Amino acid sequence: MKYQSRKQAMILLADGTIFYGKAVANKEGSAFGEVCFNTGMTGYQEIFTDPSYYGQLMVTTNAHIGNYGVKNDEEESDSVKIAGLICKNFSYVPSRVGKSDSLENFLNENNILAISDVDTRALVSYIRDHGAMNAVISTEVDKIDELKKQLNETPDMVGLELASKVSTKEAYFYGDENATYKIAALDLGIKKNILRNLAKRDCYIKVFPYNATFKEMEAFNPDGYFLSNGPGDPEPLECAITLAKEIIEKDLPLFGICLGHQIIALSEGVSTFKMYNGHRGINHPVINHLTGKGEITSQNHGFAINRKETESNANFEITHSHLNDNEVMGIRHTKKNCFSVQYHPEAGPGPNDATYLFDQFIENIKQQKLETV
Ligand SMILES: NC(=O)CC[C@H](N)C(=O)O
């Protein structure tokens, strides 16, 4: 067996609780972030490379991680975005036809600290009971006091603007430039599968940095606007909120996913709040109020929009709700060409029940084109 004598490691939570494990491979050091857990049984590569997880320590609840390696075209961004990994069993020997590499090499190349052999069931139960909090994973198990001090200095997720850390610095293009529809997408931490889904629907996309202005985006002469997913608290993203306001005011086709959905809500005066525990997994049940049908969805969010304020806002209709806790999962504007969802219709990873939302966006664009002819 590889790495017979691995270093002892731990996860130290902000409230002082410690769970012990072992370092994956020969890695050493410490990594700080907000601890969260994902209940997906598969899709770890997509999860680890999802920019929305920037700044978070990921606990995976599946008992085995790494067993099918990694594959080049299955990443959701160019690098691993989680701050660190906590798992039960780490597989050093991947088994899968078509794999590009092992997860061990992939994490090493990205300089990500991972710890395994942690009682992840106990850890997840603990976080569920005590709520989201900061933590540190570390091999420096004899430096608890020092780590506690550093942990106290780790910024809280509430009020934290992180989109600027993962957004593209320069605008770029995606898809076929002769495609039928042109989309201007604001990159707050966009997942590749969103771009793939739009390109598949005959869209040519220009992806803009997180602080792009309406003027800059309008110059592309797009048929529709898109606000992406991304990490951190939506509230400090004033430039994106102003942008959403302008697009909505002008009644241009607008679609938002996750952080983008939260930005749309904020732009119309609906506030967001930090959930006690977020929703992260690939089997979250959602009801579509417009069709009465249920959907199994991919989710990753720690904030949500205020239900009461949404219900009493004449500009919004709630289109989707979470069937576990009734959080708002989707809205549409009652007067303008704008809708958004809190969950991930692009999956990556997860079920494809909700890809119809991309078709809806194209329909909204077509409608707008007919009206302006
Ligand atoms: N996937 C996302 O876009 C997440 C949005 C936001 N950072 C949240 O945690 O709620």
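Trainee: What makes the pair formed by the backbone oxygen of R128 and a polar atom of the side chain of N277 a polar contact?

Mentor: The two atoms lie 3.0 Å apart, and a polar contact is a pair of N or O atoms within 3.5 Å; within protein, one must be able to donate a hydrogen and the other to accept it, and residues adjacent in sequence count only if both atoms are side-chain atoms. The model is predicted, so local features need pLDDT of at least 70 and side-chain atom pairs pLDDT 80 or more, whereas totals for chains, interfaces and linings use all residues. Residues are numbered from 1 along each chain as its sequence is written, and side-chain values use heavy atoms, without hydrogens and water.

Trainee: Why is N277 called buried?

Mentor: Its relative accessible area is 19%, and buried means under 20%, with a 1.4 Å probe and protein chains only. N277 is therefore buried.

Trainee: Which backbone atoms make polar contacts with the ligand?

Mentor: A backbone N or O atom of G232 lies 2.8 Å from a ligand nitrogen. A polar backbone atom of N300 is 2.9 Å from a ligand nitrogen, and one of G302 is 2.8 Å from a ligand oxygen. The protein buries 96% of the 300 Å² that the ligand exposes when taken alone (Shrake-Rupley method, 1.4 Å probe).

Trainee: How many residues of each class does the shell around the ligand have?

Mentor: There are four nonpolar, nine polar and no charged residues. Gly counts as polar, and G230 and G232 are among the closest residues.

Conventions: Near = heavy atom within 4 Å. Buried < 20%, exposed > 50% of the residue type's maximum accessible area, 1.4 Å probe, protein only.
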